[in-house]
Amino acid sequence: MCEFNKSIFDGKISKMIESALDFRKDEYEGSKDYMAGLADHQHPEVLMIGCSDSRVDPALICGSKPGDIFTIRNVANLVPPYDTANDLGHGVRAAIEYGVKALNVSNIVVFGHAHCGGIKAAIDTAAGNAPEFDFIGPWLTIAENACRQEVIDPATGALKSIPIEQLKIYSYLVERQSVLHSIENLKTYPWIKERVDAGSLNLHGWWFDLESGDLWVTNPKTGQFLPVEGH
Ligand SMILES: [Zn+2]
């Protein structure tokens, strides 16, 4: 076999090619049966919907092996609602459909994170300052509702809107709310709702704290986020 000469690349790409060669050595030569078994089929139990952000790779954080998770990553880990007429997000919908209908996953995790640039841009978009990109602004309208939040006013006891300027400071509120909205959007897919109602599919909301490494997960009953204890 005439092998491609990797030395024509340098810098980061060269290192990545070296890592791919190491991966072949460790994972293929080291565990032939496991990788050979994956060659013609996959049976991941988890569909992960994470952010494209380079700092939060769900597979890396969760210690996953090849075949463990079926992954979708997009700007701000958003799930568009079920809508066959609106093609904003059809790529995401297609991957969700494949994960649920063809792979029959038993869990879907929406994996949000702290300091999400996509969510910061969504807050700007909700404030009328959409970023000057061709596709990002329209995509982030999916998170619009998460940018409208209310708190109880301690003086009056009534609900009051959180000003958008404050949401920029406390963007984690929007990051977590957006995860919950994406879970609600998942339930608008009829074949997801069917499976959730039948108990064969579980939906999870996670939020990863980039600063501490803490993983926060939602209580399925209340939707409240809490950090996972341990170690
Ligand atoms: Zn992000």
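## Pairing of β7 with β8

Pro227 in β8 is the bridge partner of Trp216. This pair belongs to a predicted model. Strand β8 covers residues 225-227 and pairs with β7 in the antiparallel sense, over three bridges.

The two strands, β7 and β8, form a hairpin with six residues between them. In its turn, Gly223 has a positive phi of about 80°.

## Pairing of β7 with β6

Strand β6, residues 202-208, is joined to β7 by three bridges, and the two run antiparallel. Here Trp207 has Trp216 of β7 as its bridge partner. Trp216 is thus named in two bridges, one with Trp207 and one with Pro227 of β8.

A hairpin is also formed by β6 and β7, with six residues between the strands. Gly213 in this hairpin takes a positive phi near 85°.

## Two faces of β7

Side chains alternate along β7. Trp216 and Thr218 point to one face and are buried, whereas Leu215 and Val217 point to the other face and are not buried.

## Leu215

Leu215 lies in β7, which spans residues 215-218. Is Leu215 buried or partly exposed? Leu215 is partly exposed because 16 other C-beta atoms lie within 10 Å, and a buried residue would need 20 or more.

Leaving aside residues up to four places away in sequence, Leu215 touches Trp206, Phe208 and Val228. Trp206 and Phe208 fall within the residue range of β6, 202-208. Glu144 is 71 residues from Leu215 in sequence, and their C-alpha atoms are 25 Å apart in space.

Conventions
Residues numbered from 1 in each chain as written. Predicted model: local features only at pLDDT ≥ 70, side-chain atom pairs only at ≥ 80, totals over all residues. Helix = DSSP H or I, 4+ residues; strand = E, 2+ residues; numbered from the N terminus. Buried ≥ 20, exposed ≤ 12 C-beta atoms within 10 Å, placed from the backbone. Contact = placed C-beta atoms within 7 Å. Pairing = 2+ DSSP bridges.
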